[in-house]
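Reader: I should like to learn how to read the features of a protein model in an orderly manner. May we proceed feature by feature, with the general idea before the particular case?

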Amino acid sequence: MEFDTAASVPALSPSLDTRDARSVPIRELGQSERSLLLAHFVALGVEDRYLRFGSPLSDTAICRYVERIDFATDTVFGIFDEQLELEAAGHFAPIPRAAAESATGGGRSAEFGLSVGGAARGKGLGTAMFLRAAAHARNLGISSLFMHCLSENRAMMRIARKAGMEIRQTHGEADAYLALEPGTVATVLEEGVQRRIALVDFAIKRRLLLAREALKHAA
Ligand SMILES: CC(C)(COP(=O)(O)OP(=O)(O)OC[C@H]1O[C@@H](n2cnc3c(N)ncnc32)[C@H](O)[C@@H]1OP(=O)(O)O)[C@@H](O)C(=O)NCCC(=O)NCCS
């Protein structure tokens, strides 16, 4: 589906091509879907866990992390493959007001962490997730998106630089900040459309999966 959102694109660097990214179906997960998130994280190798969490978390620690996600305040985004497994996941967490104010000088802030499964990389899913998080933040009245990553994380640094994030590097670690313009009617409508597209995409994949399984049993 094509829709002109030129007015609704976050205030990102012009070098970031947002056209393909907006067509990626990204669904918000509910808290009953923690197990999908857990499976996605546990499938990450040691190095990816290190890049995603800042340390090579054990399965048990990842389990605790997933259990502690507060779905009332945070948003978990997912991109599903044909098997309805998560090929990408993003955790968006608004930073409590007091902490955010001291870090950003007044405005509200949110932290975002993302991961794309090894087989799905290099197709723009990471960029699409990032853009969705930025748009979501704008629509919540959040003025700064923050990501903590390692300086050696070339793919993430590439996304951050292309988005025009301000990057502060110390001792091999990088904090990247993106200042956001307030959301508009257009950004809110766009996110609504993207939510619906993702729900339809998920429903179609689910039906196809069920049909494939039925055929397998019938054969
Ligand atoms: C970082 C990560 C999310 C990127 O996901 P992705 O879906 O492969 O990202 P994209 O396909 O959108 O690619 C982003 C850009 O990085 C570039 N890139 C990818 N791998 C790269 C590498 N090893 N070195 C340099 N650039 C690289 C891509 O070419 C692309 O740039 P382009 O748009 O100019 O072509 C993924 O690699 C990942 O999950 N890593 C482990 C967890 C992690 O690092 N999370 C981020 C910290 S929270």
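**Reading the model**

Author: Let us begin with a loop: Pro182 lies between strand E7 (173-179) and helix H7 (185-218). Please bear in mind that the model is predicted.

Reader: Is Pro182 buried or exposed?

Author: One judges this by relative accessible area, where a value over 50% counts as exposed. Pro182 has a relative accessible area of 65%, and is therefore exposed.

Reader: Which residue is 44 residues from Pro182 in sequence, and how far apart are the two in space?

Author: That residue is Arg138; its C-alpha atom and that of Pro182 are 5.3 Å apart.

Reader: How should I read the chain as a whole?

Author: One begins with the secondary structure and its order. The protein chain has seven helices and seven strands, and along the sequence they follow the pattern β-α-α-α-β-β-α-β-α-β-α-β-β-α. Among contacts in the chain with a separation of 6 or more, 66% are made by residues 24 or more positions apart.

Reader: What share of the residues is buried, and what supplies the exposed surface?

Author: Of the 219 residues of the protein chain, 44% count as buried. The chain exposes about 11800 Å², and carbon and sulfur atoms supply 55% of that area.

Reader: How does one read the sides of a single helix?

Author: An α-helix has 3.6 residues a turn, so residues three or four places apart point the same way. In helix H1 (residues 34-42), the buried residues are Arg34, Leu37, His40 and Phe41. Because these residues cover an arc of only 125 degrees around the axis, they lie on the same side of H1.

Reader: Which elements do the buried residues of H1 pack against?

Author: They pack against two helices, H2 (46-53) and H3 (59-68), and against strands E2 (75-80), E3 (86-94) and E4 (109-116).

Reader: How is a ligand site to be read?

Author: One lists the surrounding residues, then the polar atom pairs, then the buried area. There are 21 residues around the ligand, of which Leu114, Val116, Thr127, Asn153 and Arg158 come nearest.

Reader: Which N or O atoms of the protein lie by oxygen atoms of the ligand?

Author: Two cases involve the backbone: an N or O atom of Gly122 lies 2.9 Å from a ligand oxygen, and one of Lys123 lies 3.3 Å from a ligand oxygen. In the side chain of Arg158, an N or O atom is 2.8 Å from an oxygen atom of the ligand. Taken alone, the ligand exposes 950 Å², of which the protein buries 76%.

Notes:
Residues are numbered from 1 along each chain as its sequence is written. This is a predicted model: local features need pLDDT of at least 70, side-chain atom pairs count only at pLDDT 80 or more; totals for chains, interfaces and linings use all residues. Side-chain values use heavy atoms; hydrogens and water are left out. Buried means under 20% relative accessible area, exposed over 50%, partly exposed in between (1.4 Å probe, protein chains only). Helices (H or I, at least four residues) and strands (E, at least two) are DSSP runs, numbered from the N terminus. The arc is that of the directions from the helix axis to the C-beta atoms. Contact means heavy atoms within 4.5 Å. A residue is near a molecule or strand if one of its heavy atoms lies within 4 Å of it. A polar contact is a pair of N or O atoms within 3.5 Å; within protein, one must be able to donate a hydrogen and the other to accept it, and residues adjacent in sequence count only if both atoms are side-chain atoms. Accessible areas come from the Shrake-Rupley method with a 1.4 Å probe; for residues, only the protein chains shown count as cover.
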